Amino acid sequence: MDIPLIANHTERGYIEDLTKYIPREKFVDAIAEKSLDAVTYGGKIMASPMQNSDQYLYINVDMAKAAGVKLPEVVVDADTVITEEFARRWGESAWTWDEVLQAAMKMKKDVDGDSITDIYGLHIEQAGRLYQLQPLGGSRGGKIVSPDGTTVIGYLDQPVWYDAVKFYGDLFTTYEVEVPSAFLPGYDSPSEFINGSYAMMVGGGWNLKRILEADINVVVAAHPYFADGVSTTPTGSWVTGIAKTASEDNKRLAAEFLSWWTLSDEGTKLWYDANGELPASKHMLEELSTNEKYDAFPVSAQRLGVYQVLNTAEGRPVTPYYPFINAGFDKAFTDAAQGVDPKKALDEAIKEIEKNISRVQ
Amino acid sequence: MIRRTTTLQHFLFHILSILFGLIFVVPIIWSLIASFRPENLVFAGLSPLSIKALIPLPFTMKNFIGVFTNDVFSSALVNTLVVAAVTVVCGVIINAAAGFAFATINFVGKGILFSIVLSSFLMPPDVLVIPTYNLVDSLGLIDTRIALILPVVGNGMVIFMFIQFFSQVPKALREAALIDGASSLQVLSKIYLPLTLPTMIGASLILFLAQWEAFLWPLVVSRSIENGMIQIALSTFTQQYGTLWGMKLAAASLLCFIPLILLMPLQRYYIASVVGTALKE
Amino acid sequence: MNNRLKRDSLKAYMFLFPAVGLILLFKIYPIIIVFGESFYKVSYLSGSKVFVGINNYLDLFFDRSFWNSVWVTTKLNLLINPIQVVIAVVMALLINMEFRGRLFYRLLFFIPLGVSLAVTTIYWSIFFRPGNGVMNYILNSVGIPRQPFFNSPSQALWIIIGIASWKGCSFWMIFILAGLKNIPREIYEACDVEGIEPIASFFYITLPLLAKTILFVFVTDTAANFMLFIPIFMITKGGPDSSTNVLMHEAYRTAMLQGDMGHGMAMIVFLMLMLMTVVAIQFKVTGEREI
């Protein structure tokens with residue numbers, strides 16, 4: 001399951017407290033602190049993370065050059081050796097959203113002059129989705145839901161979120177730098193980037209390998225932030241819990257496997273080598289940062305992910321009503337991108353969220 | 001005067017027909033051709049639009065091989081064929097039996113039962129998907145093959161088709177057989193069924209398509225891979241980190257061509273059955 | 001005699017039992033379930049069920065997004081049913097004409113019968129990509145500026161209608177075609193002799209004789225389109241700005257995605273009543289009491 005569903009599945013009695021089967025110390029020893037916090041609900045560890053996620057700004061260098069756009073000071077390409085020190089400088093040279101927008105405006109292009117844009121300036125990967133867009137408010141300190149998870153009033157209805165929705169909507173409507181077909185089912189962000197449909201992508205580290213191996217000239221910059229805010233980045237990925245309805249024997253077996261898969265040095269290494277996504281285990285993060293085996297590009301670029309997880313990552317809201325909030329958040333940002341007045345879009349979405357929560361309490 | 005009108009009519013007829021024909025045929029032809037291109041060239045020639053979109057080069061079978069070796073899709077294909085086969089066989093038998101009873105036997109409550117059957121096929125099935133989910137849940141049948149089959153097998157429209165057929169067969173034929181000492185079951189199997197082949201083909205096609213195109217019901221009732229149905233399984237090629245468009249279009253092409261291969265030679269029966277229920281009371 | 005009827009009845013029930021039993025269980029009993037469940041409230045977290053009387057209906061009465069979806073459903077049907085019937089009639093007239101190539105065209109016209117709505121939706125969602133999609137290049141080549149299609153609250157519903165009609169018209173055409181075949185050819189021959197124009201003969205002869213068939217198609221088409229769900233579920237999810245959020249989608253979202261069975265069931269009840277009313281009106285207006 002996805003991390004934000006932990007609260008939901010715990011409250012609805014779907015998943016079991018893992019410390020009944022695996023000692024808490026084992027988790028503390030094996031899992032990075034933030035990742036462990038993310039799977040802890042009501043003081044209990046309800047799931048174990050298999051991996052984590054990280055976000056970058058991918059820039060098509062040829063398009064940047066053609067448009068006369070100067071790249072951020074510190075970027076990663078295939079020849080970069082990534083050390084801890086480098087990762088820090090890289091993180092600190094991130095563009096502000098304003099700089100990203102300016103660059104996107106310059107790189108947008110109508111190649112054959114038929115008034116249809118052939119190359120868009122910027123695409124933010126998971127169009128309209130909470131995971132992807134939370135930093136648009138989070139960078140300026142915006143929170144989505146109350147600490148007890150039962151209302152968004154006083155949180156999602158703050159000016160910072162209205163600005164966030166407006167900023168996102170303007171990318172599509174006012175500036176026309178974002179890809180309008182991004183909301184269609186199956187829009188394949190990485191392959192469209194590789195095909196040159198747009199010049200810059202804010203997207204997951206899971207694309208690193210595919211993009212850097214493709215035959216285009218790309219650099220990887222840090223995730224953008226707002227000038228009057230701080231850098232925050234999406235985080236969290238798939239986790240595994242144990243179903244409450246399973247038989248006691250099966251639960252024990254599952255716990256044993258889960259412990260090996262997500263907590264042991266051997267299991268986490270095997271999983272990482274097979275699937276290659278940013279790990280959540282301390283041991284693997286350490287390995288990744290120091291072992292020469294991972295010095296080679298593009299795997300080495302994940303050291304940037306380690307930097308992110310330690311410095312900028314901000315998890316999604318913790319609430320049993322996450323599905324309701326997720327749906328409303330998506331609707332507000334998607335509507336704004338499709339030309340609805342941003343204020344109206346967010347107002348309506350908040351009303352929907354509150355209505356839906358109150359009806360089933 | 002008359003000749004000129006005919007030429008003009010000819011012209012209009014062909015223009016309009018070609019226009020409709022193109023609108024119908026271009027999407028599936030394009031999808032078939034595109035699915036023979038490698039993944040990164042699936043959308044070649046679409047923007048900007050050029051003839052390249054309709055040339056299957058460079059040619060590859062990779063997408064079709066990928067579709068058949070994809071766990072989710074291939075098990076959904078097998079499951080759908082099994083579910084459809086069971087639905088067709090059981091559906092034809094039990095609906096024919098019901099149609100036979102309505103058409104040939106006088107019994108208590110005939111009027112009420114008949115209006116229930118009639119109203120059941122005027123009520124579009126999708127409206128009842130959510131309460132049917134509740135029902136199937138309370139029977140403990142969520143995510144089973146039976147749950148996919150049972151609600152579709154008993155079909156008012158197919159019963160209606162058989163009622164019409166059985167009431168057209170001369171009564172004298174049946175009475176002669178009964179006098180000879182044949183049982184009702186024998187009358188059904190020896191006299192009626194051989195005559196009923198066209199109706200049976202039509203009924204089979206209707207039931208087959210009902211399962212082949214099922215969407216909303218499997219969407220709510222099926223969870224595991226083994227119980228997947230193909231229209232839903234199409235979405236397996238859209239994953240969290242991207243869409244395998246080559247495979248998706250290859251799968252979509254398969255989903256079109258299998259029923260078309262069945263429908264084209266048998267269209268006569270299909271049309272006669274569908275239309276028959278509507279126009280002859 | 002009475003004994004005979006009893007014996008016959010028993011026999012009939014044996015034949016009827018499997019099919020009619022399944023219909024009673026899966027087509028009639030669920031109607032009772034909908035009504036029953038619409039009076040309960042289900043707690044999202046604990047799953048407990050409480051009887052709340054007509055509260056769910058009262059909630060809907062004051063719910064703007066519910067009324068919006070009622071309006072979208074109405075609008076969709078006011079547009080899609082006439083469009084589909086007219087296109088189906090045109091298609092049927094075309095392939096009913098005695099021209100060369102008729103059988104070939106007929107084959108083409110039947111293609112959508114074998115293409116599921118889900119697949120249809122995938123195809124047209126590719127062609128109608130906003131921005132630099134195929135349709136925009138075609139429009140551009142005839143001098144029409146690019147359109148937002150699915151991204152526009154005023155266009156999205158029209159494209160949903162287009163997708164559903166691509167799939168639907170061929171099916172309804174079959175019925176009209178059968179209706180046309182039932183009109184005796186002698187009538188047209190008489191027209192030819194009298195020198196009546198083809199267009200006049202269509203309006204004065206064909207159309208009146210087709211009225212019954214067209215009414216049937218109209219009613220059945222309406223029933224089907226009240227439940228239109230697949231393209232909306234697959235592409236727009238009811239957006240943009242809830243402009244394609246038909247009642248069926250709203251009910252699905254409420255009951256299945258938010259686990260709010262009570263309100264979802266109340267919506268289904270409303271949808272069924274709406275459908276029955278519309279069908280009743282259609283019969284009344286056209287003065288037909290039975291199909």
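Throughout this tour, two residues are in contact if their C-beta atoms, placed from the backbone, lie within 7 Å. Keep in mind that you're looking at a predicted model.

**Stop 1: a lysine in chain A**

Select A:Lys331, which you'll find in helix H15 (residues 322–337) of chain A. What does A:Lys331 touch, once residues up to four places away in sequence are left out? Light up A:Ala349, A:Glu352 and C:Gly239: those are its contacts. Is A:Lys331 buried or exposed? It has 24 C-beta neighbours inside 10 Å, and the cut-off for buried is 20 or more, so A:Lys331 counts as buried. Now add A:Lys109 to the selection and draw a C-alpha to C-alpha distance: the pair sits 29 Å apart in space, with their positions 222 residues apart in sequence.

**Stop 2: the sheet in chain A**

Stay in chain A and show strands E4, E5, E6 and E7. These four make an open sheet with mixed pairing, in the order E5-E6-E4-E7. Which strands are at the edges? Strand E5 (120–124) and strand E7 (218–222) of chain A, each of them pairing on one side only. From one strand to the next, the twist averages 20°.

Zoom in on the pairings one by one. Strand E4 (residues 55–60) of chain A runs antiparallel to strand E6 (residues 198–204) of chain A, and five bridges join them. To see one of these, pick A:Gln55, whose bridge partner in E6(A) is A:Gly204.

Next, bring in helix H6 (residues 97–107) of chain A, which packs on the sheet and touches E4, E5 and E6 of chain A. The direction of H6 makes about 140° with that of E6(A).

Then go over to E5(A), which runs parallel to E6(A) and is joined to it by four bridges. Here A:Leu122 stands opposite A:Met200 in E6(A). Although E5(A) is an edge strand, five of its five residues are buried, so the strand is largely enclosed by the rest of the structure.

**Stop 3: a helix pair in chain B**

Switch to chain B and select helix H7 (residues 156–168) and helix H10 (residues 197–212). They pack at an angle of about 175°, and their axes are 10 Å apart. That angle makes H7(B) roughly antiparallel to H10(B). For the side chains, show B:Met157, B:Val158, B:Met161, B:Phe162 and B:Phe165 on H7(B); on H10(B), they meet B:Thr199, B:Gly202, B:Ala203, B:Ile206 and B:Leu207. Colour this contact by class and you get eight nonpolar residues, two polar and no charged ones.

**Stop 4: a two-faced helix in chain C**

Over in chain C, pick helix H4 (residues 102–110), where C:Tyr105, C:Phe109 and C:Phe110 are buried. Look down the axis: these three cover an arc of only 140°, which puts them on the same side of H4(C). What does the face turned away from that buried side carry? You'll see the exposed residues C:Leu103 and C:Phe104 there.

**Stop 5: where the chains meet**

Finish with the interfaces. Between chains C and B, the contact takes 67 residues from chain C and 65 residues from chain B. On the chain C side, helix H1 (residues 2–37) gives the largest share, 22 residues. Sorted by class, that side has 55 nonpolar, eight polar and four charged residues.

For the last selection, take chains A and B: nine residues of chain A are in contact with eight residues of chain B. The chain A side has three nonpolar, four polar and two charged residues.

Notes:
Residues numbered from 1 in each chain as written. Chains lettered and ligands numbered in written order. Predicted model: local features only at pLDDT ≥ 70, side-chain atom pairs only at ≥ 80, totals over all residues. Nonpolar A, V, L, I, M, F, W, Y, C, P; charged D, E, K, R; others polar. Pairing = 2+ DSSP bridges. Axes fitted to C-alpha atoms, helices over the stretch in contact; angles between N-to-C directions. Buried ≥ 20, exposed ≤ 12 C-beta atoms within 10 Å, placed from the backbone. Parallel < 35°, antiparallel > 145°, perpendicular 65-115°, else oblique. Arc of directions from axis to C-beta.
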